[in-house]
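The following exercises concern strand pairing, burial and surface in a single protein chain. Each task is followed by a solution in steps.

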Amino acid sequence: MDTGNSFQPTTLFVRSQDAAAWETKSEDAFGTAFFQAWMQTMNVTVDTTKQYKYGKNTSTIRYDPLEPIRRPKGVRVNRVVIPDTMPTFSSSNNVLKCIAISKNHPSVAHVEFNVTLPLTKRYLNYADIASEINTQVSAQNALFSCTVDGNGILTLASATAATHYLRVTEDNKKLGMDYPPVEGSSIHNIISPSPIVLSPTRCAYIRSRTLGVTSGHMTNEHHDILAMIPMHQDVNGYGGAIIYNNPNTQTYLNIKQKMYDSLDFELLDENLNPLNLRRHDWHMELSFVY
């Protein structure tokens, strides 16, 4: 067998800053132009030849080795360092779908509207989330309000003088609306069955599509997950890191023995969506067996 122009690394150190995927080049061009124009409004001289990587998606890594990796039969994630930079909400859970139900329907129509939480903010307490929701529902109707108790349970209310009742139309587990809301002290109030979840994600998964089917299987029939990383539940501001050390130092996931001329890795949240690291970089140590 010809084994030239290939290699067999026992350990691979993966850094997203070396191999992060870029989502769109247009984001880079738009972001660069915006930043340069903003600086010029303050009479700051800018280097117009420099381009900034605003479109970088650090949750996805593509590694193209100079020589193919030769026929590994097993892989293990040894260590992972993830920057603790994730916002509280993602695009899969930042919308609370609401409806203002008219007391005089059908002569006065119901009104559907959305409360949208920002995708760039790390909330450290329940009160700030309730305040944001309150701002948006009261903008819809000045007699609507949102409050929260010390346990993270939301109350959506409409004043008795309001012409509409405030209700939600779809579940949102992140905001504690995992079951139909409970009626409060009167028909004018509804209470979330569960507390708000402040943690951005309870765990993270590492997926590699290029390694293909492994001996690690998920109950949803995914076969390309390399590791599950528990996340700490202490909610802090941006900064610091989540550090994972694999306790199974003798266990490898079986993979197909072939030549690998490229590898990709994705860092996913608990719902298997890309984890938003706000363009900060993560690190991983892999081991191969042959």
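**Exercise 1: Partners of strand β5**

Begin with one residue pair: Pro83 stands opposite Ala241 in β15. The model is predicted, so local features need pLDDT of at least 70 and side-chain atom pairs count only at pLDDT 80 or more, while totals for chains, interfaces and linings use all residues. Residues are numbered from 1 along each chain as its sequence is written, and side-chain values use heavy atoms, with hydrogens and water left out.

Task: State which strands pair with β5, and over how many bridges.

Solution.
1. Strands are DSSP runs (E, at least two residues), helices likewise (H or I, at least four residues), both numbered from the N terminus; two strands pair if DSSP finds at least two bridges between them.
2. With β15 (residues 241-245), β5 shares five bridges in the antiparallel sense.
3. With β19 (residues 283-289), β5 forms seven bridges, again antiparallel; here Val75 has Phe288 as its bridge partner.
4. With β16 (residues 253-254), there are two bridges, also antiparallel, and Gly74 is partnered by Asn254.

**Exercise 2: Burial**

Task: Classify strand β5, Asn57 and Trp38 by accessibility.

Solution.
1. Buried means under 20% relative accessible area, exposed over 50%, and partly exposed in between (1.4 Å probe, protein chains only).
2. Eight of the 10 residues of β5 (residues 74-83) are buried, so this strand is largely enclosed by the rest of the structure.
3. Asn57, in strand β3 (residues 56-63), has a relative accessible area of 16% and is therefore buried.
4. Trp38, in helix α2 (residues 25-41), counts as partly exposed because its relative accessibility is 47%.

**Exercise 3: An open sheet**

Task: Give the strand order of the open sheet formed by four strands, and identify its edges.

Solution.
1. The order is β8-β9-β12-β11, with antiparallel pairing.
2. β8 (144-148) and β11 (182-183) each have a single partner strand, so one side of each lacks a neighbour in the sheet.
3. Within the sheet, β9 (residues 154-158) and β12 (residues 189-191) are joined by three bridges, and Thr155 of the chain stands opposite Ile191 in β12.
4. In general, strands of a sheet pair through backbone hydrogen bonds, either parallel or antiparallel.
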